[in-house]
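Please look over the structure shown here before reading on. The exchange that follows asks how each description is reached and what stands behind the words used.

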Amino acid sequence: MTIKAYAKINLALDVLYKRPDGYHEVAMIMQAISLNDTVALTSQPATINLSVNIPSLAADTSNLAYRAAALLKEYTQTEQGVHIYLEKRIPLAAGLAGGSADAAAVLKGLNQLWELNLSLDELSKLAARLGSDVPFCLYNGTMLATGRGEVLEPLPPMPHCYVVLAKPAIEVPTAWVYGQFRASEVCVRPDITAMREALVSSSLAGVARHLANALESVTIPAHPEILKIKEDMLAYGAMAALMSGSGPTVFGLSECLEQAEQIAGQLRSQGVPEVFIAETVSKVE
Ligand SMILES: C[C@@](CO)(OP(=O)(O)O)[C@H](O)COP(=O)(O)OP(=O)(O)OC[C@H]1O[C@@H](n2ccc(N)nc2=O)[C@H](O)[C@@H]1O
Ligand SMILES: Nc1ncnc2c1ncn2[C@@H]1O[C@H](COP(=O)(O)OP(=O)(O)O)[C@@H](O)[C@H]1O
């Protein structure tokens, strides 16, 4: 069984306050995009093994794909095992939830392969134990995420568009970004209500107008090359551009594939090491 694990972007990301459990209360509008890893699951007796197509990602018990399988096995007390082959295309530690997408794909896939019959709601509770973004990756499409990211409400699909992704050669740990966050440093406070209204009225221009991410106030001052990529995307014709999640990937929106290709080509010629063109994905079962 082979499953696609889709990356996400955050159209709007507001950080409300730090909670007693150390996490931050957030309000985010999240969108699945077509850039994906593939997760191949092969049933085997008893044990869980993992292999990965890139040497930079450990294929051991720390991998979120492995942890998802181990959690499901422990929760259901099944005797069954699995070999997981992960083909990574989503860049690592990029703000695109690549690891979370893999974990969600393993939970969904093994629920079928091991014939466990867990509901999506039950899988979602397990997903939240693996990471705040994993429940969204189970559902994908377009969602409002609150709590620490695990409380989800489906929203109308984002109008179709192309999404140019550009990742500078830096890694930004999510925990560090939240740890440095100070509400007083946020210049443009994300307007979650306005973004929701743009989706309800199916207005891509409205979505573009209201893109905002409170975490830019941490990651951009530490890595000004992110701002340069945003400015370049706009100069090359993107409707709007924003850092995704905790960064450092920047995404730019375009209605037209030729223009997205042009923007991507320009960024590559400027020396941005990882540039992809994706498109919005509506809910996939
Ligand atoms: C910022 C976002 C936006 O979608 O995505 P990424 O940039 O990671 O893709 C998410 O909130 C990231 O979710 P995820 O990457 O699953 O985070 P987790 O593994 O749950 O947490 C990693 C660390 O980030 C901090 N954290 C995470 C989520 C949250 N709401 N508040 C936090 O303070 C905590 O310090 C936690 O230990
Ligand atoms: N299957 C996986 N894919 C990617 N990263 C993983 C995976 N399993 C564990 N990780 C770890 O999680 C960290 C964050 O990964 P990722 O989900 O790609 O980024 P982000 O949270 O910024 O969207 C990585 O630095 C990596 O060490």
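**Domains, ligands and core**

Q: What makes it possible to speak of two parts, domain 1 and domain 2?
A: The protein is divided into domain 1 (2-154) and domain 2 (162-279), with bounds that come from an automatic or database domain assignment. This is a predicted model, in which local features need pLDDT of at least 70 and side-chain atom pairs count only at pLDDT 80 or more, while totals for chains, interfaces and linings use all residues. Residues are numbered from 1 along each chain as its sequence is written, and chains are lettered from A and ligands numbered from 1 in the order in which they are written.

Q: How do you know which residues of domain 1 and domain 2 make the contact, and how many are there?
A: Two residues are in contact if their C-beta atoms, placed from the backbone, lie within 7 Å. The C-alpha centres of the two domains lie 23 Å apart, and the contact takes 21 residues from domain 1 and 33 residues from domain 2. On the side of domain 1 that touches domain 2, strands S1, S2 and S5 each supply at least two residues, and the largest share, seven residues, comes from S1. Strands here are DSSP runs of E with at least two residues, and helices are DSSP runs of H or I with at least four, both numbered from the N terminus.

Q: What classes make up the side of domain 1 that touches domain 2?
A: That side divides into 15 nonpolar, five polar and one charged residue, where Ala, Val, Leu, Ile, Met, Phe, Trp, Tyr, Cys and Pro count as nonpolar, Asp, Glu, Lys and Arg as charged, and the others, Gly among them, as polar.

Q: Why is ligand 1 said to lie between domain 1 and domain 2?
A: Both domains give residues to the shell around ligand 1, so this ligand lies between them. A residue is near a molecule if its C-beta atom, placed from the backbone, lies within 6 Å of it; of the 20 residues around ligand 1, Gly-131, Ser-132, Tyr-178, Gly-245 and Ser-246 come nearest. By class, this shell has seven nonpolar, eleven polar and two charged residues.

Q: Where does ligand 2 lie, and why?
A: Ligand 2 also lies between domain 1 and domain 2, because both give residues to its shell. It is surrounded by 18 residues, the closest being Leu-64, Ala-93, Gly-98, Gly-99 and Asp-102. Helix H1 (64-76) and helix H2 (98-113) are the elements that give two or more residues to this shell, and the largest share, four residues, comes from H2.

Q: What makes the set containing Ala-65, Leu-107 and Val-164 a nonpolar core?
A: A nonpolar core is a set of buried Ala, Val, Leu, Ile, Met, Phe, Trp, Tyr and Cys residues joined through C-beta atoms within 7 Å. The largest such core has 94 residues, and those with the most contacts inside it are Ala-65, Leu-107 and Val-164. Its largest share, ten residues, comes from S2, and it draws at least three residues from each of the two domains.

Q: Why are the buried residues of helix H6 placed on the same side?
A: A residue is buried if 20 or more other C-beta atoms lie within 10 Å of its own, exposed if 12 or fewer, and partly exposed in between. The buried residues of H6 (residues 192-200) are Met-195, Ala-198 and Leu-199, and they cover an arc of only 100° around the axis, which puts them on the same side of H6. The face turned away from that buried side carries the exposed residues Thr-193 and Val-200.

Terms used:
The arc is that of the directions from the helix axis to the C-beta atoms.
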